[in-house]
Amino acid sequence: MTTSLPPILITERAIQQRVSELARQISADYHDREVLLVGILKGSWVFLADLARRLTVPVIIDFMTVSSYGASTKTSGVVKIVLDLKCPLENRDVLVVEDILDTGLTLKYIVDSLKLRRPRSLKIVALMDKPARRKVSIKADYVGFEVPDKFVVGYGADCAERFRNLPYVGYIEEENDG
Ligand code: IMP
């Protein structure tokens, strides 16, 4: 088992600073309203925990878990809700919290199905965005960082369940033959 830590892409300090900025912006935009944060497990838990504690508006928190169908390790676009929300969304201001917006297939499915539950508003905050990889048209309303097309880990994001607890965002170096 490898014990070496992934190289740093975004430092802990930069993340903390950006999460505070996002929290300020979101708190201003939702002034006088209660936000229902919908965390997509497992990747969003660290980001959601930090973000939620810095919001100055009233907050309700719920989680859902989704999984991709199919044998491929790549996102197939066919998504199954494994753990659904407990809170009804009707007439609520919903903010979906995601770690990474990559092809967009997962979030597109989630957003489309949550819209059917008639929230008053529905927005997305993603800590990281990889626009180069997008396969469907979807944009986050709030983005922490645009990242290059690398496999990133840490601050909630994993590689085969590892590295979620890193306080920074690193990346997995591609193996080369040399
Ligand atoms: P999408 O459906 O391709 O947008 O991918 C959605 C999910 O795949 C993200 O929420 C992540 O959980 C996971 N994912 C995508 N890119 C990465 C990555 O670079 N590292 C770790 N997980 C990723």
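## Ligand contacts, helix 1 and a small set of strands

Author: In this predicted model, an oxygen atom of the ligand lies 3.3 Å from a polar backbone atom of I100.

Reader: Which N or O atom does the ligand approach in the side chain of T106, and at what distance?

Author: An N or O atom in the T106 side chain is 2.4 Å from an oxygen atom of the ligand, while a nitrogen atom of the ligand is 2.6 Å from a polar backbone atom of V152.

Reader: And how many residues surround the ligand?

Author: There are 14 residues around the ligand, and the closest are T103, G104, T106, K130 and V152.

Reader: Switching to helix 1, which residues are buried there?

Author: The buried residues of helix 1 are I15, V19, L22, A23, I26 and S27; seen down the helix axis they fall within an arc of 130 degrees, so they line one face. On the other side of helix 1, R13, R24 and A28 are exposed.

Reader: What do the buried residues of helix 1 pack against?

Author: They pack against several elements, among them strand 1 (8-10), helix 2 (45-54), strand 5 (93-101) and strand 9 (169-171).

Reader: Strand 1 again, then: in what order do the 3 strands of the open sheet run?

Author: The order is 1-9-8, with antiparallel pairing, and strand 1 and strand 8 (152-153) are the edge strands, each pairing on one side only.

Reader: What stands opposite I10?

Author: That is V169 in strand 9, and strands 1 and 9 are joined by 2 bridges.

Conventions
Residues are numbered from 1 along each chain as its sequence is written. This is a predicted model: local features need pLDDT of at least 70, side-chain atom pairs count only at pLDDT 80 or more; totals for chains, interfaces and linings use all residues. Side-chain values use heavy atoms; hydrogens and water are left out. Buried means under 20% relative accessible area, exposed over 50%, partly exposed in between (1.4 Å probe, protein chains only). Helices (H or I, at least four residues) and strands (E, at least two) are DSSP runs, numbered from the N terminus. The arc is that of the directions from the helix axis to the C-beta atoms. Contact means heavy atoms within 4.5 Å. Two strands pair if DSSP finds at least two bridges between them. A residue is near a molecule or strand if one of its heavy atoms lies within 4 Å of it. A polar contact is a pair of N or O atoms within 3.5 Å; within protein, one must be able to donate a hydrogen and the other to accept it, and residues adjacent in sequence count only if both atoms are side-chain atoms.
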